[in-house]
Amino acid sequence: MQVLVTGGAGFIGANFVHQTVRERPDVQVTVLDALTYAGDRASLAPVADKITLVEGSITDAALVDRLVAASDLVVHFAAESHNDNSLNDPSPFVQTNVVGTFTLLEAVRKHGVRFHHISTDEVYGDLELDDPAKFTPETPYNPSSPYSSTKAGSDLLVRAWVRSFGVQATISNCSNNYGPYQHIEKFIPRQVTNLIDGIRPRLYGAGQNVRDWIHVEDHNSAVWAIIDRGQIGETYLIGADGEKNNLEVVQTLLEIFGRPADDFDHVNDRPGHDLRYAIDASRLRNELGWTPQYTDFRSGLQATVEWYQANESWWRPAKAAVEAKYAAQGQ
Ligand code: NAD
Ligand code: DAU
């Protein structure tokens, strides 16, 4: 089976490629990745001799057409993925997330190739902190940021291509991932690498915003469950009941590093900052029989800390520039 993985040099995509090579010897992986600031060949180094890496953009229709024609399945991770960046410059988000997804859809339509679209729970907007509700596949779309609105747009394109053209596609909307190979601009790896460097963690606003954390390995096992057993045209929400507010996450990290519980700084809040995300993954659990393996957040976090400690050469080159960018906006 030939599988084309877009964005396979990014955080979740690289972990997906590693898991696939490890667990599915029948699968031949080709990665299509533009190697933006968020993509790194080094993230694929452990499997480099077992896969093909093509450097290029999902907006390049001729390249996409050629690669899709040679594939049995496309798993589409490639995206501009960071909310803060989308507030500074939305343009690449529209290009990659909307135009890139359109370009892939036209190719899978032409060649009759199965498509799985990776998306986010942020398409549903946010929930109140004291609301017991969770997102379900029926929750209306209500994205807040340029990032989440372009992801919502890409989801709607996929749904339209399924209905109007019979494209064989599924969609998954997952909550916040953590684990190895996550770019250090993101919340958890930023604070982990700050702590390694003796810098105090930085909390946006009061730190009360809630995210529903899932380990990246569990996200990717759910993606394979949907590819293997999901119903064409369906949307599956992926989450592992991992709700924590940002202050709790920082204090767990401080405890892992043996630092006092108040050893952090409050910094400028994110404009339009979503309050809370929470996933109801019952369709995935009940219909597809999926269960997460990383159910203890603290030990998943501890293993992630150890990965960043052991792989400083992977993240160190980006650290100073990431912190300078945040410092310029008071974060
Ligand atoms: P990431 O930013 O770490 O990686 C994105 C990858 O896409 C990079 O390798 C980058 O080089 C590549 N890319 C960007 N533009 C491209 C283009 N035009 N053509 C080809 N490749 C391009 O992102 P991530 O956190 O791994 O997220 C992967 C996917 O999962 C995204 O679609 C994101 O919306 C979704 N998602 C992420 C999370 C999360 O918590 N990180 C949660 C739910 C869904
Ligand atoms: O919910 C899924 C989404 O999760 C994905 O679609 C996105 O691609 C992914 O980046 C993530 O979005 P968030 O905006 O939730 O993740 P981020 O890591 O940027 O921030 C997590 C929370 O931590 C958020 O409430 C903002 C806060 N934060 C972030 C940073 C970088 C801080 O308090 N301090 C920080 O330094």
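Start by selecting ligand 2 and the 25 residues around it (a residue counts if one of its heavy atoms lies within 4 Å). Thr120, Asp121, Tyr147, Arg270 and His273 come nearest. The model is predicted: local features need pLDDT of at least 70, side-chain atom pairs count only at pLDDT 80 or more, and totals for chains, interfaces and linings use all residues. Residues are numbered from 1 along each chain as its sequence is written, chains are lettered from A and ligands numbered from 1 in the order in which they are written, and side-chain values use heavy atoms, with hydrogens and water left out.

Next, show the polar contacts of ligand 2 (pairs of N or O atoms within 3.5 Å). An oxygen atom of ligand 2 sits 2.8 Å from a polar backbone atom of Ser81. Polar side-chain atoms also lie by oxygen atoms of ligand 2: one of Glu122 at 2.9 Å and one of Gln191 at 3.0 Å. On its own, ligand 2 exposes 690 Å², of which the protein buries 95% (Shrake-Rupley method, 1.4 Å probe). Colour by DSSP element (helices are H or I runs of at least four residues, strands E runs of at least two, numbered from the N terminus): helix H6 (187-196) and strand E8 (202-204) each give two or more residues to this shell. The shell holds seven nonpolar, 10 polar and eight charged residues.

Move to ligand 1, which 28 residues surround; Ile12, Asp33, Ser81, Tyr147 and Lys151 are the closest. The side chain of Ser81 places an N or O atom 2.6 Å from an oxygen atom of ligand 1. For Thr96, a side-chain N or O atom is 3.0 Å from a nitrogen atom of ligand 1, and for Asn177 a backbone N or O atom is 2.8 Å from an oxygen atom of the ligand. The protein covers 96% of the 840 Å² of accessible area that ligand 1 has alone. Helix H1 (11-23), strand E5 (114-120) and helix H5 (146-165) each contribute two or more residues to the shell, and E5 gives the largest share, three.

Now hide the ligands and select the largest nonpolar core, 30 residues. Such a core is a set of buried Ala, Val, Leu, Ile, Met, Phe, Trp, Tyr and Cys residues (under 20% relative accessible area, 1.4 Å probe, protein chains only) joined through side-chain atoms within 4.5 Å. Val5, Phe16, Val17, Leu44, Val75 and Ile238 have the most contacts inside it. Helix H7 (216-229) is among the elements supplying at least two residues, and its six are the largest share.

Centre on Phe16: beyond its neighbours within four places in sequence, its contacts (heavy atoms within 4.5 Å) include Val5, Val75, Phe77 and Trp224. Finish at another core, apart from this one, with 25 residues, among them Val249, Phe264, Leu301 and Tyr326.

Technical notes: A polar contact is a pair of N or O atoms within 3.5 Å; within protein, one must be able to donate a hydrogen and the other to accept it, and residues adjacent in sequence count only if both atoms are side-chain atoms. Buried means under 20% relative accessible area, exposed over 50%, partly exposed in between (1.4 Å probe, protein chains only). Ala, Val, Leu, Ile, Met, Phe, Trp, Tyr, Cys and Pro count as nonpolar, Asp, Glu, Lys and Arg as charged, and the others, Gly among them, as polar.
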